[in-house]
Amino acid sequence: RKRNDEVGMHSPIIHSLINPNGSHYQDSLFLRLFLKELELEAFFGTDLSKVKVKIEYENIDLYLTNGKQHLIIENKIWAGDQPCQIIRYINLIVKINKDICPINDNKRIDEELLRVIYLTAQEKDCPDEHKLNGGYITYDENWENKNGKKKECFDKLKNEKQYKNYEVRFHKMGYKEHIINWINSCQKEVKNITNLYIQLQQYMDVVKKITKNYQGNVATLDSFALKQNDNFIHTLFKITQESMEDKYKKEIILTRGKILYIFFREFIEKTSTLERVSVDVKNINKKLESLVYTKSKCLKWFKQNHRVKNFGIFYKINDKYLLYLNVRTNNFHLSVMKHEKYILKSLDEKDIEPIKNIEDFHLEKWETPSGMPSCFSKAYNLSDNVDIFSTYKNSKLREDIKKIETKLLESAIK
């Protein structure tokens, strides 16, 4: 069945598990864990064997009762709410069970007798047309959309010809949290019953899919690589395209691109005290924008064997200099660019003098393409500097950045 089929899949599966007389032969175990997840362990008392679990009872998705206590469960995956759905079910159960009476002649029902559970995959707080009042659900008489059938429903409530606007204790229940927790609890209890454990796992997978929380048993290379140690990432970048098997080449290249993207997005910022320059700032030169990294550019750089050039990330060193970390051809580059209010200016020898005097640090003048002003840059051949991605904090690039930060900041202070 379709993963979002609440009538054909989810309600029947939940029903089969919480039913003490279900074919799982676990008596009331799963029902007890279900109620515990909602903090309702004591609602039906200690003897859960007397609880009847009904599915689609008078159109109620799931209805639980021991003859005295009653639980209404409205199950919603992606479907919308029907007009007056909850308040209609409440009226039905109150009408059938004469011992359910409002407290002190008002419309609030004793919470020890009747409760409503709203189970959704969308984390909705309350059904349409209803409102919450101190943890109790009721129909919202001020709800504005009263056209068509909704107006008809509203009129029935207003005149009390058919429905009374009862207030009933309300519980919000979500698939993403409560149902997944409940299934986990069930699995722990039956871990030695293989078939039942596997069936619970299969339903868990379905729930994770409808809540956008599913990961298959076979990990993608990129998800695997990012969880591994530095040696694995180092090896991943050292493999030459010529040595890759065709069936793995696409995934390896894609993984490299994702790691480069994450490097720009996270690694540098976590290890630098410099302020990142955002291209969203209105006074930044528009030409800067074409040089800023994107996920697409990162993927293409490896896919097209480094032919996508000149993109990276800008940091403000001070009011005079920008640090530009970027990729070009086969190299990773550290560049220092001059700016005035983020409008790029050309650098000359005297501008870069503080940096050139740093021991063992060499910047070469780079005439930037596309009419960009010149800057001073240092290249790091990727094949010899894979540690940029694997152990960045210990890499030569990071060491040089720290020198630049220190030297230029000192120069700015002077």
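**Exercise 1.** Which residues do ring pairs link into a cluster?

Solution. The model examined here is a predicted one. Within this model, ring pairs join Tyr261, Phe263, Phe264, Tyr293, Phe311 and Phe332 into a cluster. As for the total, the structure holds 12 aromatic pairs.

**Exercise 2.** Decide why the pair formed by phenylalanine 43 and phenylalanine 44 is called edge-to-face.

Solution. Begin with the distance: the ring centres of phenylalanine 43 and phenylalanine 44 are 5.0 Å apart, and centres within 6.5 Å count as a pair. Next take the angle: the planes of these two rings stand at 80 degrees, so the pair is edge-to-face, since planes over 60 degrees apart are given that name. Finally, consider the surroundings, where both phenylalanine 43 and phenylalanine 44 turn out to be buried.

**Exercise 3.** Find which charged ends sit over the ring of tyrosine 136.

Solution. One is the charged end of arginine 108, which lies 3.8 Å from the centre of the tyrosine 136 ring. Another is the charged end of arginine 169, which sits over the ring of tyrosine 136 at 5.9 Å from its centre.

**Exercise 4.** Check whether the length of helix 3 agrees with its number of residues.

Solution. Helix 3 covers residues 85-96, which makes 12 residues. The expected span is 1.5 Å times one less than the number of residues, and for helix 3 this gives 16 Å. The end C-alpha atoms of helix 3 are 17 Å apart, which agrees with the expected span. Several residues of helix 3 are buried, among them Ile86, Tyr89, Asn91 and Val94.

Note on methods. Residues are numbered from 1 along each chain as its sequence is written. This is a predicted model: local features need pLDDT of at least 70, side-chain atom pairs count only at pLDDT 80 or more; totals for chains, interfaces and linings use all residues. Side-chain values use heavy atoms; hydrogens and water are left out. Rings of Phe, Tyr and Trp (its six-membered ring) pair if their centres lie within 6.5 Å; planes under 30 degrees apart count as stacked, over 60 as edge-to-face and the rest as tilted. Buried means under 20% relative accessible area, exposed over 50%, partly exposed in between (1.4 Å probe, protein chains only). A charge sits over a ring if NZ of Lys or CZ of Arg is within 6 Å of the ring centre and within 35 degrees of the ring normal. Helices (H or I, at least four residues) and strands (E, at least two) are DSSP runs, numbered from the N terminus.
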